[in-house]
Amino acid sequence: MSVVNAVKKPRETDDVPVPPTLRKSLKNRHIQLIALGGAIGTGLFYGSSESIGLAGPSILLAYLIGGLAIFMIVRALSEMAVEDPKAGAFSYYATRYWSKRAGFISGWNYWFNYVLVAMVELSVVGSFVNYWFPNIPKWVSAVVFLVAIAALNLMGVNKFGEFEFWFAIIKIVAVIAMILGGLYVIIANVPTASGIRASFANWFTIDGGFFPHGLMSRNADGTWTGLMMALVVVMFSFGGTELIGITAGETENPRTTIPKATNGIIWRILVFYIVALGVIMAVVPWSRIDGNSSPFVQIFDSVGVHAAAGILNFVCLTAVMSVYNSGLYANSRMLYSLAKQGNAPAYLGKLSKRGVPVGGVVTSAIIIAIAVVVVFVWPEFAFNYLMSIATIAAAINWTMIMVTELKFRRVVAAGDGPAELKGLKGREALDRIAFKLPFARVTPYVVIAFMALVVVLMCFSASYRIAVYAGIIWLIVLFAAYQLTQVRGGAKQAETQKAE
């Protein structure tokens, strides 16, 4: 018998069972497109009118500032993910480098955030289906897509990655086509619906110029507008970019793939937000972008593509499916991580033979289904109050990532870092971090201060103010829930010891 055969590892067919593990099946192309798709949502196609109305052409600066902040947040997360790639990402890191309570709050906050985001996406999917099939009830469309995407996630992480890859391709092609169409209108001097010649000079010469509302100004009706107020809308349009960190535990080669995907975020924001919106406002005067008609449709109508409304409907349908697909994936891995930390029921930490946390997928899908029912039955409650929690949950999550990064570096410097960093101390340990956060001594504090500013600005907006109040209540609920789990855990431990 050869030495190789004598020491071969047991397989699932041997007498010694091999426990299922998460599969590292996501390839570089999957991660690149997942990261890119996460930064492009239906807001770019339909919702950009709100942010443009607040700041005019200066919205481009808002996206640049907000994009830089989100880039640093994802860089901080990726610094930890490259050294210690784990499912659950920031929840695991918060537990490992901060405290079990921080991991509980971070994980459940993110899970509930994505439940609510998926709730909204599934509640509107019927509207896109009705464009072609007006007789199909909206709830039927919601059920079909909910079940289909849940089934897809149960098939394995490679299937999730493949579908997300193609969802992202569709969105990218649509945005690039919009940019090229707009540039053609500008260069060829194609007549526009407004009668105003398309030109980049329109940023500075029409309806108040580049800063029509200044940094911040109060209108006659008491509402606030300006560049600063637009930052609030802009920041929350970046939700989903942190998905890169969640995928690290199932990525083929995280030490090379994660840095590439992360560094690409900044140019993606430049191209897919700043360039796209810049072209839009060169073709359509910013004051005429009112949300009644998508700028995407207006540009394609200008170049004679009158099927633009149907194309946009298809793109938005795939964008909605992409958000739910990503949300269900992220939530199942978050519940898996929470279970492994002892912050969630143990059944959520079990994997199928395909390496899928079935309990997390099914549980998340059921809760999302209940949330969708709430939207159909009590739409005002769902959109006014539940979505307020989703809004502030993103700010909580991003802030906790930066605090965790500070804790991570302190643990690494103390000699208790992960993998290759373990045992190294001080500057030697910090210098060995493979994918360092730029200006790591000050960046976390700057980003935390920036997020605090965004929360303060939210208080000046009636529609966002309720989110701040909801956030305070939500944090109290999370703290109370953690304490309750600790009391119950202590009681069970005492009963076990007494029985022994």
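The following exchange concerns salt bridges in a predicted model.

Author: This is a predicted model in which local features need pLDDT of at least 70 and side-chain atom pairs count only at pLDDT 80 or more, while totals for chains, interfaces and linings use all residues. Residues are numbered from 1 along each chain as its sequence is written, and side-chain values use heavy atoms, with hydrogens and water left out.

Reader: Why is the pair of arginine 255 and glutamate 83 called a salt bridge?

Author: The term requires a side-chain nitrogen of Lys or Arg within 4 Å of a carboxyl oxygen of Asp or Glu. The N to O distance here is 3.7 Å, so the pair meets the rule. By this rule the count comes to ten salt bridges.

Reader: What makes this pair a tie between separate parts of the sequence?

Author: Arginine 255 lies in helix H12 (residues 254-283) and glutamate 83 in helix H4 (residues 59-83), so the parts joined are 172 residues apart in sequence. Helices here are DSSP runs (H or I, at least four residues), numbered from the N terminus.

Reader: How do you know whether glutamate 83 is buried or exposed?

Author: Buried means under 20% relative accessible area, exposed over 50%, and partly exposed in between (1.4 Å probe, protein chains only). Glutamate 83 has 4% and is therefore buried, whereas arginine 255, with 36%, is partly exposed.

Reader: Why is the pair of arginine 427 and aspartate 431 given the term salt bridge?

Author: The closest N and O atoms are 3.5 Å apart, so the pair satisfies the rule. Both residues lie in helix H17 (residues 426-431), four residues apart, about one turn of the helix.

Technical notes. Helix = DSSP H or I, 4+ residues; strand = E, 2+ residues; numbered from the N terminus.
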